[in-house]
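Open your viewer, colour the chain by secondary structure, and keep the selection box handy. We'll go stop by stop, with something to pick at each one.

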Amino acid sequence: MNRFATAALALLALAALVGGASKAAMAGDEHGNFMIRGLITGVLPDTDAAVFSGGARIPGANAAVSDEVIPATTLTYFFNDNLAVELFCCFAKHEMNGTGTIAGLGEIASTWIFPPALTAQYHFNTDGKFKPYIGAGLQYIAFFDEGVGQNRLGATSVDIDDAVGFTLQAGLDISMGNGWSLNADVKKTWLDTEISWNGTGVRADADL
């Protein structure tokens, strides 16, 4: 079983556990203990990479990962009106481009990501129309179907290590009545990963 399949099974198991623990909320009940959201999400990586060739750092070499806009979903279980746990997930495809002294290499890698995030939340003003919340937790990112990009490095393949990072979250639900809400949410995750261009001796340590 590959690492993506393992992560997907773990996510499904957690979703089943949360779903099994929750009571079915009546239609129009804004105090039910289970919430599902559909989202349009911007994934905006802020990248800083140290690039090495043959073990020596390449001066001035860096990389940038593309921004993407994707559909996503969240499952939230409320222990009470204020305390909840949220599971976020989606799929996205990103390209990595060389910058700085390796900008001439263009696209140096591509990858699909599976990035579930689990956060514990505190919800304020739960009886009001405007319901802000904050959260903190962890995000796991599985990289799969990695590509060599324009392959000006001559790599046989690219490997990107899966990563776990710390996540902070803030959001706002605006009640529309009858159990429906509009939502705005922002998450920031800090994580590190290593990228290897196989067959070239080139690798990068990336802070995302």
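Among contacts in the protein chain between residues at least 6 apart in sequence, what percentage join residues at least 24 apart? The figure is 64%. Keep in mind as you click around that this is a predicted model.

**Stop 1: the whole chain**

Show the cartoon first. You'll find one helix and 15 strands in the protein chain. Now switch on the surface: about 10,800 Å² is exposed, and carbon and sulfur atoms supply 62% of that area. Of the 208 residues in the chain, 38% are buried.

**Stop 2: an open sheet**

Select β3, β2, β15, β14 and β11, in that order. These five strands form an open sheet with antiparallel pairing. Look at the two ends: β3 and β11 (157-160) stand at the edges with a single partner strand each, so one side of each has no neighbour in the sheet.

Next, walk across the sheet from the β3 edge. Select residues 56-57 for β3 and you'll see two bridges joining this strand to β2, with the two running antiparallel. Show the side chains of F52 and R57: F52 stands opposite R57 in β3. The two strands make a hairpin with two residues between them, and G54 in the turn has a positive phi of about 60°.

One step further in, pick residues 48-53 (β2) and 202-207 (β15). They pair in the antiparallel sense over six bridges. To find your place, click A50, whose bridge partner in β15 is D205.

Then add residues 192-198, which is β14. Six bridges join β14 to β15, again antiparallel. Here S196 stands opposite R203 in β15. If you show side chains along these strands, remember a general point: in a regular strand they alternate between the two faces of the sheet.

**Stop 3: salt bridges**

While R203 is on screen, add E194. Their side chains meet in a salt bridge, at 4.0 Å from N to O. How accessible are the two partners, R203 and E194? R203 is partly exposed at 28% relative accessibility, and E194 is also partly exposed, at 30%.

A search of the whole structure finds six salt bridges. For another one, select R37 and D173, whose side chains meet at 2.8 Å, N to O. R37 sits in strand β1 (residues 34-43) and D173 in strand β12 (residues 163-177), so this pair ties together parts that are 136 residues apart in sequence. Are R37 and D173 buried or exposed? Both are buried.

Now move to D185 and K187, which meet in a salt bridge at 3.0 Å, N to O. D185 is partly exposed with a relative accessible area of 28%, and K187 is partly exposed at 24%. Select R37, E86, D173, D185 and K187 together: salt bridges that share partners join these residues into one network.

**Stop 4: T41**

Go back to strand β1 and click T41, which is found there. Is T41 buried or exposed? It counts as buried because its relative accessibility is 16%, and the cut-off for buried is under 20%. Which residues does T41 touch, leaving aside neighbours within four places in sequence? Show E68, V69, I70, A72 and F88: T41 is in contact with each of them.

**Stop 5: the largest pocket**

Keep K187 visible and add G42, V43, L44 and P45. These five lie nearest the centre of the largest pocket, which is lined by 36 residues. The space in this pocket is about 930 Å³.

Which strands should you colour to see the walls? Try β1, β6 (83-90), β7 (92-100), β8 (107-114), β10 (130-147), β13 (180-190) and β14, each of which supplies at least two residues of the lining. The largest share comes from β13, with eight residues.

**Stop 6: a cavity**

For the last stop, turn the surface off and look inside. The count is two cavities of 30 Å³ or more. Select L105, E107, I108, V148, N151, R152, L153 and W197 to see the lining of the second largest cavity. About 30 Å³ of space lies within that cavity.

Technical notes. Residues are numbered from 1 along each chain as its sequence is written. This is a predicted model: local features need pLDDT of at least 70, side-chain atom pairs count only at pLDDT 80 or more; totals for chains, interfaces and linings use all residues. Side-chain values use heavy atoms; hydrogens and water are left out. Helices (H or I, at least four residues) and strands (E, at least two) are DSSP runs, numbered from the N terminus. Buried means under 20% relative accessible area, exposed over 50%, partly exposed in between (1.4 Å probe, protein chains only). Contact means heavy atoms within 4.5 Å. Accessible areas come from the Shrake-Rupley method with a 1.4 Å probe; for residues, only the protein chains shown count as cover. Two strands pair if DSSP finds at least two bridges between them. On a 1 Å grid over the protein atoms alone, a cavity is a set of points where a 1.4 Å probe fits but cannot get out, and a pocket is an open set with protein on both sides within 12 Å along at least five of seven lines; lining residues have an atom within 4 Å of a point. Grid points are joined across faces, edges and corners, and a volume is the space filled by probe spheres set on the points.
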